[in-house]
Amino acid sequence: IVVVACLLGGALAHRLKQPILLGYILAGVVVGPHTGGVTVSSAHDLELLAEIGVALLLFALGLEFSLSELGPVWRVALIGTPIQMGLVLGGGTLLARAAGFTTNEGLWLGAMAALSSTMVVLKTLGARGQLDAPWARVMLGMLIAQDLAVVPLMILLPELEDPAAGLPALGAALVRAGIFLGLMLFVGRRVIPAALRIVARS
């Protein structure tokens, strides 16, 4: 059901000259468990499909893009991304507080709003033939910086649930995030390419 719905939704979006991913999203809404008609009622099955899809999308992102290509725009990305994320995080928290949510709930809402889908933007720019535009490179640099910021956010935000634990817990969380990112970059740029070269030679 999901595959057929995506085929039809993608074809419709293509016919209307819209991004194909938009057709996929609309197809997911149509066959979701809350719309009636022919639907997928098992949310767990959808979660499994989504996890597989995310893994494949990230793999495709790794094939199409490398950090070395972002060298000229990294300075802009590393300065602009914290500013963008800080503004959206703060604005989201204020809006959530005004709507009656707690500060912690507002921080989570702001964090979700501050992050964008690198793969969606990459596919959309690719479909329009705009990947090589200078502004597109800056945008993608900021998106990859956002992806790297997810790890510290996922470690830091739960620590804020217990302010009584104080700064030591936040400091430890930052250290864990730094170690994880360092290992991820080292393994991703040194170990895995070397392993793939060995496989290719064999």
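**Helices, pockets and buried residues**

Q: Where does Gly106 lie?
A: Gly106 sits in helix H5, which covers residues 103-114. Keep in mind that this is a predicted model.

Q: Why does Gly106 count as buried?
A: Its relative accessibility is 0%. Buried means under 20%, so Gly106, at 0%, counts as buried.

Q: What does Gly106 touch, leaving out residues up to four places away in sequence?
A: Gly92, Thr93 and Ala96. A contact calls for heavy atoms within 4.5 Å, so each of these three has a heavy atom within 4.5 Å of one in Gly106. For Ala96 there's also a C-alpha to C-alpha distance: 4.8 Å from Gly106, with their positions ten residues apart in sequence.

Q: What makes Thr93 buried or exposed?
A: Thr93, which has its place in helix H4, comes out with a relative accessible area of 11%. Since the cut-off for buried is under 20%, Thr93 is buried.

Q: Which residues does Thr93 touch, not counting those up to four places away in sequence?
A: Thr103, Gly106 and Leu107. Gly106 turns up here, just as Thr93 turns up among the contacts of Gly106.

Q: Is Leu157 buried or exposed, and why?
A: Leu157 lies in helix H7 and has a relative accessible area of 6%. Set that against the limit of under 20%, and Leu157 is buried. Leaving out residues up to four places away in sequence, Leu157 touches Leu107, Trp108 and Ala111. Its C-alpha is 9.2 Å from that of Leu170, which is 13 residues away along the chain.

Q: How do you know what span to expect for H7?
A: Helix H7 takes in residues 134-159, which is 26 residues. The expected span is 1.5 Å times one less than the number of residues, so for H7 that comes to 38 Å. From its first C-alpha to its last, H7 reaches 38 Å, close to what's expected.

Q: Where does H7 bend?
A: At Pro152, by about 30°. The bend is an angle between two fitted axes, one for the seven residues ending at a residue and one for the seven starting there, so the 30° compares the two stretches of H7 that meet at Pro152.

Q: What makes Lys17 stand out in its phi?
A: Lys17 has a positive phi of about 60°, and it is not a glycine. Most residues other than glycine have a negative phi. You'll find Lys17 in the loop between H1 and H2.

Q: Why does Lys17 count as exposed?
A: Its relative accessibility is 77%. Exposed means over 50%, so Lys17 counts as exposed.

Q: Where is Pro72 found?
A: In the loop between H3 and H4. Its relative accessibility is 73%, and exposed means over 50%, so Pro72 counts as exposed too. The C-alpha atoms of Pro72 and Val138 are 8.8 Å apart, although 66 residues separate them along the chain.

Q: How many residues line the largest pocket?
A: There are 44, and Val54, Leu56, Leu57, Leu58 and Phe59 lie nearest its centre. This pocket has a volume of about 1900 Å³. H3 gives the most to the lining, with 13 residues. Among the helices that each supply at least two residues are H1, H2 and H8.

Q: How do the residues of that lining divide?
A: The lining of the largest pocket has 31 nonpolar, ten polar and three charged residues. Val, Leu and Phe count as nonpolar, so the five residues nearest the centre are of the nonpolar kind.

Q: What lines the second largest pocket?
A: This pocket is lined by 18 residues, with Thr81, Pro82, Met85, Ala149 and Leu153 nearest its centre. H4, H5 and H7 are the elements giving two or more residues to this lining. The second largest pocket has a volume of about 290 Å³, and its lining divides into 16 nonpolar, two polar and no charged residues.

Q: How many helices and strands does the protein have?
A: Eight helices and zero strands. Its C-alpha trace spans about 55 × 55 × 35 Å along the principal axes, and of its 202 residues 26% count as buried.

Definitions and conventions:
Residues numbered from 1 in each chain as written. Predicted model: local features only at pLDDT ≥ 70, side-chain atom pairs only at ≥ 80, totals over all residues. Heavy atoms only, no water. Helix = DSSP H or I, 4+ residues; strand = E, 2+ residues; numbered from the N terminus. Buried < 20%, exposed > 50% of the residue type's maximum accessible area, 1.4 Å probe, protein only. 1 Å grid on protein atoms, 1.4 Å probe; cavity = no way out; pocket = protein on both sides within 12 Å on 5 of 7 lines; lining within 4 Å. Points joined across faces, edges and corners; volume = space filled by probe spheres on them.
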